[in-house]
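Subject: Structure for you to look at

Hello,

Here is the structure I promised to send over. Please open it alongside this message, and my notes on what turned up follow below.

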Amino acid sequence: MIFETIKALAATRNIPLRTIEISLRLPAGTFQTWNQTAPCNKLVAVARYFHVSVEALLG
């Protein structure tokens, strides 16, 4: 769910997931591992990147 939300946000802004991972200094493929859970501190960073709440990412 988290991965799909991040993927959809990235698509609406025409930003490749890898670009976001690089910007946030995350290893390649990080988002694909976040199907159900994500590290809180990294999830907060992604929410800030998109200017959305953590709750919005969690669905």
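Residues 24 or more positions apart make up 50% of the contacts in the protein, counting those with a separation of 6 or more. Please keep in mind that this is a predicted model. The mean pLDDT of the protein is 92, and 100% of the residues score at least 70. Confidence is highest in α2, at a mean of 97, and lowest in α4, at 90.

The overall picture

The protein has four helices and zero strands, so you will read the pattern α-α-α-α along the sequence. For 59 residues, a compact globule would be expected to have a radius of gyration near 10 Å, and the protein agrees with that at 10 Å. Along the principal axes, the C-alpha atoms fill a box of roughly 20 × 20 × 20 Å. Of the 59 residues, 32% count as buried. The accessible surface comes to about 3,700 Å², and carbon and sulfur atoms account for 58% of that area.

Helix α1

I began with α1, which spans residues 2–12. Its buried residues are Ile2, Phe3, Thr5, Ile6, Leu9 and Ala10. Looking down the axis of α1, you will find these buried residues within an arc of 165°, so they line one face of the helix. Ala11 and Thr12 are exposed on the other side of α1. What do the buried residues of α1 pack against? Their partners are α2 (17–23), α3 (40–50) and α4 (54–58). Just after α1 comes Asn14, which takes a positive phi of about 55°.

Helix α3

In α3, the buried residues are Leu43, Val46, Ala47 and Phe50. Viewed down the axis of α3, they fall within an arc of 100°, so here too the buried residues line one face of the helix. Asn41 and Arg48 are exposed on the other side of α3. The buried residues of α3 pack against α1, α2 and α4. The residue following α3 is His51, and its phi is positive as well, near 60°.

Lys42 also lies in α3. With a relative accessible area of 31%, Lys42 is partly exposed, because that value sits between the 20% limit for buried and the 50% limit for exposed. Leaving aside residues up to four places away in sequence, Lys42 touches Leu26 and Trp34. If you would like a distance across the model, the C-alpha atoms of Lys42 and Ala11 are separated by 20 Å, with their positions 31 residues apart along the chain.

Aromatic pairs

How many aromatic pairs does the structure hold? There are two. In one of them, the ring centres of Phe31 and Trp34 are 5.3 Å apart and the ring planes stand at 80°, so this pair is edge-to-face. Phe31 and Trp34 are both buried. Trp34 is also one of the residues that Lys42 touches.

Tyr49 and Phe50 form an aromatic pair that is likewise edge-to-face, at 5.3 Å centre to centre and 80° between the planes. Are Tyr49 and Phe50 buried or partly exposed? Tyr49 counts as partly exposed, at 25% relative accessibility, because buried would require under 20%. Phe50 is buried, with a relative accessible area of 1%, and belongs to the buried set of α3 described above.

Helix α4

One residue I noted in α4 is Ala56. Ala56 is partly exposed, with a relative accessible area of 40%. Ala56 and Ile6 are 50 residues apart in sequence, and their C-alpha atoms are 9.8 Å apart in space. Ile6 is one of the buried residues of α1, and α4 is among the helices that the buried residues of α1 pack against. As you look at this part of the model, recall that α4 is where confidence is lowest, at a mean of 90.

If you are looking for places to start, I would suggest the buried face of α1, the buried face of α3 and the two aromatic pairs.

Happy browsing, and best wishes

Conventions:
Residues numbered from 1 in each chain as written. Predicted model: local features only at pLDDT ≥ 70, side-chain atom pairs only at ≥ 80, totals over all residues. Heavy atoms only, no water. Buried < 20%, exposed > 50% of the residue type's maximum accessible area, 1.4 Å probe, protein only. Helix = DSSP H or I, 4+ residues; strand = E, 2+ residues; numbered from the N terminus. Arc of directions from axis to C-beta. Contact = heavy atoms within 4.5 Å. pLDDT = per-residue confidence, 0-100. Rg over C-alpha atoms; globule rule 2.2 N^0.38 Å. Areas by Shrake-Rupley, 256 points an atom, 1.4 Å probe, with all protein chains shown as cover. Phe/Tyr/Trp six-rings, centres within 6.5 Å; stacked < 30°, edge-to-face > 60°.
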